[in-house]
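Let's take a walk through this fold together, from the whole chain down to a single side chain. Have the model open as you read.

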Amino acid sequence: MFAGMNSSALAAACVRLANLTTVDVNAFTANPAILLDMSDPLVLSSLVRALVGSSGEALLPVIEQAKTANAAQMAAIGSGLGRAAN
């Protein structure tokens, strides 16, 4: 899902999908640093929501990435985590 997608396409996919596939979650957990490549806060927030809402396996890698994120990325990650919890 991540490869070859621009920010708008990824945001649309994340908003549309209630659950990501195991393949998508595994692609993220294999390379969690890709999370911080998202430059649009809405895309980042939506991706976090989709990842964590789809699999508990994604939670720890998301938290680890938040530790190295800048302030805007941290806010987007926090928003995504909050939306996943609801």
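Among the contacts in the chain with a separation of 6 or more, 69% join residues 24 or more positions apart. Keep in mind that this is a predicted model. Its secondary structure comes to 5 helices and 0 strands, so following the sequence you will read the pattern α-α-α-α-α, helices being DSSP runs numbered from the N terminus. Of the 86 residues, 40% count as buried. The accessible surface of the chain is about 4,600 Å², with 59% of that belonging to carbon and sulfur atoms.

**The nonpolar core**

Which residues touch the most other members of the largest nonpolar core? This core has 20 residues, and the ones in question are Phe28, Leu35, Leu44, Val48, Leu51, Val62 and Ile77. Two or more residues come from each of the elements α2 (22-30), α3 (41-54), α4 (59-66) and α5 (71-85). Of these contributors, α3 gives the most, with 7 residues. As general background, nonpolar side chains in soluble globular proteins tend to be buried together.

**A closer look at α3**

Helix α3 deserves a stop of its own. It is mostly covered, with 10 of its 14 residues buried. The buried set includes the nonpolar core residues Leu44, Val48 and Leu51, and Ser45, Ser46 and Arg49 are also among the buried residues of α3. At the N-terminal end of α3, Asp40 acts as a cap: one of its side-chain oxygens lies 2.8 Å from the backbone nitrogen of Leu42. How does the length of this helix check out, and what span should its 14 residues have? At 1.5 Å a residue, α3 should span 20 Å, and because its end C-alpha atoms are 20 Å apart, the two values agree.

| Property of α3 | Value |
|---|---|
| Expected span | 20 Å |
| Distance between end C-alpha atoms | 20 Å |
| Asp40 side-chain oxygen to Leu42 backbone nitrogen | 2.8 Å |

**Val62 and its surroundings**

Now move on to Val62, which is found in helix α4. Is Val62 buried or exposed? Its relative accessible area is 0%, and so, with buried meaning under 20%, Val62 counts as buried. Leaving aside residues up to four places away in sequence, Val62 touches Phe28, Leu35, Val48, Val52, Ile77 and Leu81. One of these partners, Phe28, is 34 residues away along the chain, yet the C-alpha atoms of Val62 and Phe28 are separated by 9.3 Å.

Methods: Residues numbered from 1 in each chain as written. Predicted model: local features only at pLDDT ≥ 70, side-chain atom pairs only at ≥ 80, totals over all residues. Heavy atoms only, no water. Core = buried A, V, L, I, M, F, W, Y, C linked by side-chain atoms within 4.5 Å. Buried < 20%, exposed > 50% of the residue type's maximum accessible area, 1.4 Å probe, protein only. Helix = DSSP H or I, 4+ residues; strand = E, 2+ residues; numbered from the N terminus. Expected span 1.5 Å × (residues − 1). Polar contact = N/O pair within 3.5 Å; in protein donor to acceptor, adjacent residues only side chain to side chain. Contact = heavy atoms within 4.5 Å. Areas by Shrake-Rupley, 256 points an atom, 1.4 Å probe, with all protein chains shown as cover.
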